[in-house]
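Hello,

Here is the structure I promised to pass on to you. Please have a look at it first, and then read my notes below.

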Amino acid sequence: MAFTYSKVVLREIPSSLPGAALRQCPSGRIPDLERAREQHRRYEEVIRSLVPEVHILPADDTLPDCCFVEDTVVVCGGTALITIPGHPSRRGETPAIKEAMQRLGLKTVEMVGGATMDGGDVLFTGREFFVGLSTRTNQEGLSQLSATFPGYPVTGMPVMEGLHLKSFCSMAGPDLICIGSSKAACAGREVMEREGHHKYTYLVVPDDIGANCLYINGTVVHVGNGDTFPMSAAVFEQLPCKRIALSTPELNLVDGALTCCSVLIP
């Protein structure tokens with residue numbers, strides 16, 4: 001069943017993250033390492049409360065983005081597609097992820113050739129895949145994902161702004177897509193409604209980053225309230241399911257969001 005998970009893989013934050021992690025706005029504030037690690041520990045606590053089996057991989061200080069494990073693999077059913085991340089500096093992250101997937105009993109398939117893909121560009125609705133074609137994910141990557149998971153339709157869509165597709169949308173429940181309000185998000189929704197193979201309900205939030213949430217075993221983990229995207233956080237209050245508010249502002253500074261930090265496994 002979609003969105004039912006028995007295992008999850010996380011990776012610790014490397015000490016190199018503040019100064020060397022990739023970021024779209026390099027002139028912004030540098031993340032505080034200890035605060036980032038504390039927020040990641042809180043993230044881990046929340047995940048542990050929802051998923052029976054949690055596996056933590058050690059950080060690698062030579063790979064400053066390695067805690068953002070989502071980008072290195074796409075898991076569906078019992079198969080893990082090991083990606084070729086779009087930025088060359090991230091490609092050293094995949095061997096540890098491949099080993100972890102195999103250790104957990106998943107069949108692994110590796111992307112080859114000129115394909116690139118970040119997992120943050122892949123939205124699995126439980127019925128089909130939407131793939132963002134971005135600076136990190138190309139058409140060949142989409143084609144190899146489609147070949148790996150032939151049982152599901154795959155629709156590509158341009159990411160007009162922001163880093164990834166899931167920079168402005170994610171799943172907030174069965175057939176429920178949470179989506180931001182930017183021009184890029186609205187364009188993405190138009191593609192989903194026009195070219196998708198199923199009909200979905202949309203939960204619209206004012207902040208694109210607020211649209212990045214996790215739906216895990218009946219619970220939505222979403223952006224925190226207080227001074228962290230309060231208007232988006234308030235939108236989630238209308239949902240009938242259990243909700244957990246969680247803020248990761250230090251990781252947001254290096255383009256990290258809630259889905260980025262975990263690989264969920266059925």
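Serine 232 is buried, with a relative accessible area of 0%. Please keep in mind that this is a predicted model. Serine 232 has its place in helix H6, which covers residues 230-235. Which residues does serine 232 touch, not counting those up to four places away in sequence? They are Val205, Pro206, Asp207, Gly210 and Val223.

Phenylalanine 236 is a good residue to visit next. Leaving aside neighbours within four places in sequence, phenylalanine 236 is in contact with Cys178, Leu203, Val205, Gly210, Cys213, Val220, His222, Val223 and Arg243. Val205, Gly210 and Val223 are thus in the contact list of serine 232 and in that of phenylalanine 236.

Now for the nonpolar cores. In soluble globular proteins, nonpolar side chains tend to be buried together. Here the largest nonpolar core has 59 residues, and the members that touch the most others are Ile47, Leu165, Met192 and Phe236. Helix H2 gives the largest share of this core, 6 residues. There is also a second, separate core of 14 residues, which includes Leu57, Met101, Leu106 and Val263.

On to the sheets. Strands of a sheet pair through backbone hydrogen bonds, either parallel or antiparallel. One open sheet has 3 strands in the order S2-S1-S15, and its pairing is mixed. Its edge strands, each pairing on one side only, are S2 (53-57) and S15 (263-265). On average, neighbouring strands of this sheet are turned by 20° against each other, direction ignored. Strand S1, made of residues 7-11, pairs with S15 in the antiparallel sense over 3 bridges. Within that pairing, lysine 7 stands opposite isoleucine 265 of S15.

Which helices go with this sheet? Helix H2 (residues 33-50) packs on it and touches S1 and S2, with a direction that makes about 175° with that of S1. Helix H3 lies across S1, S2 and S15 and runs at about 150° to S2.

H3 also takes part in another arrangement. Together with strands S4 and S5, helix H3 (residues 94-103) makes a right-handed β-α-β unit. S4 (residues 79-82) and S5 (residues 107-110) pair in the parallel sense over 4 bridges. Isoleucine 82 has glutamate 110 in S5 as its bridge partner.

Another open sheet is formed by 3 strands in the order S6-S7-S8, again with mixed pairing. S6 (122-124) and S8 (154-158) are the edge strands, each pairing on one side only. Neighbouring strands in this sheet are turned by 20° against each other on average, direction ignored. S6 pairs with S7 (residues 129-133) in the antiparallel sense, over 3 bridges. The bridge partner of leucine 123 in S7 is phenylalanine 130. Helix H5, residues 183-195, lies across S6, S7 and S8 and runs at about 150° to S8.

You may wonder about the cysteines. A disulfide is a covalent bond between the sulfur atoms of two cysteines. How many disulfides are there in this model? The count comes to 0, with a cut-off of 2.5 Å between the sulfur atoms. Why is cysteine 169 not bonded to another cysteine? The closest cysteine sulfur, in cysteine 178, is 8.8 Å from that of cysteine 169, so the two are too far apart for a bond. Cysteine 169 is buried, at a relative accessible area of 0%. Cysteine 186 is in no disulfide either, and the nearest cysteine sulfur, that of cysteine 169, is 12 Å away. Cysteine 186 is partly exposed, with a relative accessible area of 41%.

Finally, two spots in the backbone. Most residues other than glycine have a negative phi, and most peptide bonds are trans. Asparagine 217 is not a glycine, yet its phi is positive, at about 50°. Asparagine 217 lies in the loop between strands S12 (214-216) and S13 (219-223), and counts as partly exposed at 31% relative accessibility. Aspartate 255, also not a glycine, has a positive phi of about 65°. The loop that holds aspartate 255 runs between helix H7 (249-252) and S15, and the residue counts as partly exposed at 27% relative accessibility.

Best wishes

Terms used
Residues numbered from 1 in each chain as written. Predicted model: local features only at pLDDT ≥ 70, side-chain atom pairs only at ≥ 80, totals over all residues. Heavy atoms only, no water. Pairing = 2+ DSSP bridges. Helix = DSSP H or I, 4+ residues; strand = E, 2+ residues; numbered from the N terminus. Right-handed = clockwise from strand over helix to strand, strands pointing away. Buried < 20%, exposed > 50% of the residue type's maximum accessible area, 1.4 Å probe, protein only. Axes fitted to C-alpha atoms, helices over the stretch in contact; angles between N-to-C directions. Contact = heavy atoms within 4.5 Å. Core = buried A, V, L, I, M, F, W, Y, C linked by side-chain atoms within 4.5 Å.
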